[in-house]
Structures are given as C-alpha cells and as structure tokens.
Amino acid sequence: MPTASISAFQPRSANHPVLASNLLAHSRPSAVTPYNEGAVIYAQGEPSGPLYLVEYGAVRIHRLTYDGRRQISAFHFAGEVFGFEADGEHHFYAESIDRVGIRTLRPFSEDSNLEGVLPLALQSLIRAQEHLLVLGRRTAMEKVASFFADLNVRQGETGNVYLPMQRSDIADYLGLTFETVSRMLRKLIDARTIRLASTKEVQILNLEALEDLSQ
C-alpha cells in the first residue's frame, strides 16, 4: 500500500488528549498503517479486537440500512481513538475519508486489558449522545451550525476547522439532504459567519453567531 501524504492543515484532536496518551502508554501499538481515500479499515459484521488510533487524516463510522441507505454515526480525527464494541463484532463500517494513518492498540498480553479504555469509551458514548441531540434539533441551520461548533472544539478552538469530508458525508451525518447542507453553508458564508479557506478548511469568522445558531 503506498505511503499516504499528509495535508498541511490537519490539527490533532484537543478532545481529552491525555486520555488517548494514557491508553497509548499502556498498550502495544502497531506501526502506522496508511490507508488511501475511501479504504475500509474494518467492515460491519467483522470480528472486533484492537482499538484504532488516528495518527493523521480522518475516518467516518457508518452502517448500511436494510434498504441500502448509509447512516454516518461519527467522524474521527488525528489523536482520536475508535473501534469500541460491546461484544466481539463490529456493528459499523470504518472507512478513511482522505488519506489516513492508523495505529492498532492491543494489550500487552492476551490475559490483560487495555488500561484507560473506560474513560475513552465513556467519552465516545457522550459524543454519541450529543449527536442524537443534534439530530433532534428542529432546523437544518441548527444542525449545521452545531456540526461546525463541535468540530471547532474538538480541533482546539482555533477557528480553523479541518473539513476533509464531502457535503454528502455531512448530510448523512446530520440526517439532511445534500442540497440542504449546501444551502445552509451558503447562508453561513453570505452572513460572514464562516469562510471556505480551502477545499478542506473552513475558517470561523463569527464564533458567537455560530454558537447562537446552534442553540
């Protein structure tokens, strides 16, 4: 597999970095495995096992419904851990959005457990609960504004948001259509709340207005 190049703007997650560092220190991490854009890291129905640490790039977690529709439940960025399962099977797909580097994290022995897993698993649960709250919001603008406000917090609150996913990904994550996401983005840009700095970066120009819209 070819080595993946790293984008110049890819901030590491600021969401509890100490927890991920603690897990890394008490595990047997693999070398970084590069994945090209759109590669399957693990599939729905496959046996679960190690956890996964994103070194660079971004990952989407999704599942397919019985009628073939895609539902995205999470995005993970550099410094975040994913792959938590309650049993021995993966219930979602994990795919690379852009070129990513992944480390697998295993306990030091088969008889031991990964120290530090519980806090990260609870953090993942809280994020899933917050996503449900976003899906329950009344308007499309509230959903889109909440999405950008959340990414800003997770990426260090610099006002520059790494956004490698397509608008169709955002739509499937927020339960909206592609056209609605595009329309909400245009409204935020026209109001000078955000600016598209590049194809993979959004600059937040008015954080207060964005947070007000997400309420």
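# Two open sheets and a buried serine

Modeller: In this predicted model, four strands form an open sheet in the order β3-β8-β5-β6, with antiparallel pairing.

Biologist: Which strands of that sheet stand at the edges?

Modeller: In the sheet order, β8 and β5 sit between β3 and β6. An edge strand here has a single partner strand, so one side of it is left without a neighbour in the sheet. The strands in that position are β3 and β6 (70-77).

Biologist: By how much are neighbouring strands of this sheet turned against each other on average?

Modeller: The pairing in this sheet is antiparallel. For the turn, direction is ignored. The average between neighbouring strands is 30°.

Biologist: Which helix packs on the sheet, and at what angle to β6?

Modeller: The helix is α4, and it touches β5 and β6. Its direction makes an angle with that of β6 of about 110°.

Biologist: How many bridges join β8 to β3, and how many join β8 to β5?

Modeller: Strand β3 (residues 40-42) pairs with β8 in the antiparallel sense over two bridges. Strand β5 (residues 58-64) also pairs with β8 in the antiparallel sense. For β5 the number of bridges is four.

Biologist: Which residue of β8 is the bridge partner of both V40 and R60?

Modeller: Start with V40: its bridge partner in β8 is E95. Now take R60: its bridge partner in β8 is E95 too. Elsewhere in β8, Y42 stands opposite A94. The partner of both V40 and R60 is E95.

Biologist: Is S96 buried or exposed?

Modeller: S96 lies in strand β8 (residues 93-96). Buried means under 20% relative accessible area. S96 has 0% relative accessibility, so it counts as buried.

Biologist: Which backbone atoms lie 2.6 Å and 2.8 Å from a polar atom of the S96 side chain?

Modeller: Two residues supply them. At 2.6 Å lies the backbone oxygen of N36. At 2.8 Å lies the backbone nitrogen of A39.

Biologist: Which residues is S96 in contact with, leaving aside its neighbours within four places in sequence?

Modeller: N36 and A39 have backbone atoms at 2.6 Å and 2.8 Å from the S96 side chain. Both are on the contact list. The full list is Y35, N36, E37, G38, A39, I41, A58 and R60.

Biologist: How do α4 and α5 cross?

Modeller: The axes of helix α4 (residues 167-174) and helix α5 (residues 178-190) come within 8 Å. They cross at roughly 105°. Angles of 65 to 115 degrees count as roughly perpendicular. That makes α4, relative to α5, roughly perpendicular.

Biologist: Which residues make the contact of α4 with α5, and how many fall in each class?

Modeller: From α4 come R167, S168, I170 and A171. From α5 come F178, V181, S182 and L185. By class, the contact has five nonpolar, two polar and one charged residues.

Biologist: What is the strand order of the three-stranded open sheet?

Modeller: Its pairing is antiparallel. β10 (160-162) and β11 (194-198) each have a single partner strand, so they stand at the edges. On average, neighbouring strands of this sheet are turned by 30° against each other, direction ignored. The order is β10-β12-β11.

Biologist: In β12, which residue is the bridge partner of L196?

Modeller: β11 pairs with strand β12 (residues 201-204) in the antiparallel sense, over four bridges. For L196, the partner in β12 is V202.

Biologist: Which helix lies across β10, β11 and β12?

Modeller: This helix runs at about 95° to β10. It covers residues 140-154 and is α3.

Biologist: Where are E157 and R192, and are they buried or exposed?

Modeller: E157 is in the loop between α3 and β10, and R192 is in the loop between α5 and β11. Each has phi near 55°, a positive value in a residue other than glycine. The cut-off for exposed is over 50%. E157 has a relative accessible area of 56% and R192 has 59% relative accessibility, so both count as exposed.

Biologist: Among contacts between residues at least 6 apart in sequence, what share joins residues at least 24 apart?

Modeller: The protein chain has six helices and 12 strands. Of its 215 residues, 43% count as buried. The share of those contacts that join residues at least 24 apart is 75%.

Methods
Residues are numbered from 1 along each chain as its sequence is written. This is a predicted model: local features need pLDDT of at least 70, side-chain atom pairs count only at pLDDT 80 or more; totals for chains, interfaces and linings use all residues. Side-chain values use heavy atoms; hydrogens and water are left out. Buried means under 20% relative accessible area, exposed over 50%, partly exposed in between (1.4 Å probe, protein chains only). A polar contact is a pair of N or O atoms within 3.5 Å; within protein, one must be able to donate a hydrogen and the other to accept it, and residues adjacent in sequence count only if both atoms are side-chain atoms. Contact means heavy atoms within 4.5 Å. Axes are lines fitted to C-alpha atoms, for helices over the stretch in contact, and angles run from 0 to 180 degrees between N-to-C directions. Angles under 35 degrees count as roughly parallel, over 145 as roughly antiparallel, 65 to 115 as roughly perpendicular and the rest as oblique. Ala, Val, Leu, Ile, Met, Phe, Trp, Tyr, Cys and Pro count as nonpolar, Asp, Glu, Lys and Arg as charged, and the others, Gly among them, as polar. Two strands pair if DSSP finds at least two bridges between them.
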